Amino acid sequence: MATSTNERTGSCLCGAIQVRITGEPIFTNLCHCTSCKKASGSTVVSIAAYRSEDVTYTANPPDALKTYNDGSPESGRVLERAFCGICGSRVRNASLSFPGSVALPTGILDGDKEDLKPKYELFCASRENWMADVPGTEQFATMPPPGFQAPKPGEKQGTWSLES
Ligand SMILES: [Zn+2]
Ligand SMILES: [Zn+2]
């Protein structure tokens, strides 16, 4: 059992973007949607979402942090996808219609990620057919139904609704 940590660090591949997190994740999930596949170049994206005020980004040089407003997600929300302009690592997703939180690809985070184990899988309709359910997770064909309370890591039911 990992102890919950109140501070966590991360970076892009080249180190130009550094991230420091205080506080606990709001929710953790895996996203199989076609937009995340395209954006990441991979088959699935592992996400940990935090309150915006708990996450601090620093960029050196300052213009290394780039953003792209992605209007393609099936959720209908516009996602601001942030990335390093030097090495291309994706460092943040933020829903422009759901302010107050940011979602981080867990691959950029340092250290033990036991506490960032996904609690549910999104857009399983687009999941690669050779992938099985991750044990202990809940599966949704697309987005969770309205009113779904995202389970927080370490809890059965969270208090953070995905609905804005
Ligand atoms: Zn970089
Ligand atoms: Zn996605």
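Q: Helices (H or I, at least four residues) and strands (E, at least two) are DSSP runs, numbered from the N terminus. On that basis, in which loop does Asp-110 lie?
A: The model is a predicted one. Strand E9 comprises residues 101-105, and strand E10 comprises residues 120-122. Asp-110 lies in the loop between E9 and E10.

Q: Is Asp-110 buried or exposed?
A: A residue counts as exposed if 12 or fewer other C-beta atoms lie within 10 Å of its own C-beta, and as buried if there are 20 or more. Asp-110 has 10 other C-beta atoms within 10 Å, and Asp-110 is therefore exposed.

Q: How far apart in space, C-alpha to C-alpha, are Asp-110 and Arg-8?
A: Apart from residues up to four places away in sequence, Asp-110 touches Thr-9 and Gly-10. Strand E1 spans residues 7-11. Asp-110 and Arg-8 are 102 residues apart in sequence, but their C-alpha to C-alpha separation in space is 7.1 Å.

Q: What pattern does the protein chain follow along the sequence?
A: The secondary structure of the protein chain amounts to one helix and 13 strands. Helix H1 covers residues 34-40. Read along the sequence, the pattern is β-β-β-α-β-β-β-β-β-β-β-β-β-β.

Q: In which order do three strands form an open sheet?
A: The pairing in this sheet is antiparallel, and the order is E1-E2-E5. E1 and E5 are the edge strands, each pairing on one side only. Direction ignored, neighbouring strands of the sheet are turned by 15 degrees against each other on average. The order asked for is E1-E2-E5.

Q: Which residue in E5 is the bridge partner of Ile-17?
A: E2 and E5 pair in the antiparallel sense over five bridges. E2 spans residues 17-22, and E5 spans residues 55-59. The partner of Ile-17 in E5 is Ala-59.

Q: Which residue stands opposite Thr-28 in E4?
A: E3 covers residues 27-31, and E4 covers residues 45-51. These two strands, E3 and E4, run antiparallel and are joined by five bridges. Opposite Thr-28 in E4 stands Ala-48.

Q: Which residue in E9 is the bridge partner of Ile-47?
A: E4 is also joined to E9 by five bridges, again with the two strands running antiparallel. E4 is mostly covered, six of its seven residues being buried. In E9, the partner of Ile-47 is Pro-105.

Q: Which residues point one way from E9, and which the other way?
A: E9 is mostly covered, with five of its five residues buried. Ser-101, Ala-103 and Pro-105 point one way, and the other way point Val-102 and Leu-104.

Q: Which strand supplies the largest share of the largest nonpolar core?
A: In soluble globular proteins, nonpolar side chains tend to be buried together. The largest nonpolar core here has 32 residues, and those with the most contacts inside it include Ile-17, Ile-47, Ala-49 and Val-102. Among the elements that each supply at least two residues of this core are H1, strand E7 (79-84) and strand E8 (90-95). The largest share, five residues, comes from E4.

Q: How far apart in space, C-alpha to C-alpha, are Ile-26 and Val-102?
A: Ile-26 is found in the loop between E2 and E3, and it is buried because 21 other C-beta atoms lie within 10 Å. Ala-49 touches both Ile-26 and Val-102, among other residues. Ile-26 and Val-102 are 76 residues apart in sequence, and their C-alpha to C-alpha separation in space is 9.5 Å.

Q: Which peptide bond is cis?
A: Most residues other than glycine have a negative phi, and most peptide bonds are trans. Pro-61 is placed in the loop between E5 and strand E6 (65-70). With omega near 5 degrees, the cis bond is the one from Asn-60 to Pro-61.

Q: What is the phi of Phe-123?
A: Phe-123 sits in the loop between E10 and strand E11 (138-139). Phe-123 is buried because 24 other C-beta atoms lie within 10 Å. Although Phe-123 is not a glycine, its phi is positive, at about 55 degrees.

Q: Over which residues does pLDDT stay under 50?
A: The mean pLDDT of the protein chain is 88, and 88% of its residues reach 70 or more. For the stretch where pLDDT stays under 50, the model has 21 contacts beyond four places in sequence. That stretch is residues 156-164.

Terms used
Residues numbered from 1 in each chain as written. Chains lettered and ligands numbered in written order. Predicted model: local features only at pLDDT ≥ 70, side-chain atom pairs only at ≥ 80, totals over all residues. Pairing = 2+ DSSP bridges. Axes fitted to C-alpha atoms, helices over the stretch in contact; angles between N-to-C directions. Contact = placed C-beta atoms within 7 Å. Core = buried A, V, L, I, M, F, W, Y, C linked by C-beta atoms within 7 Å. pLDDT = per-residue confidence, 0-100.
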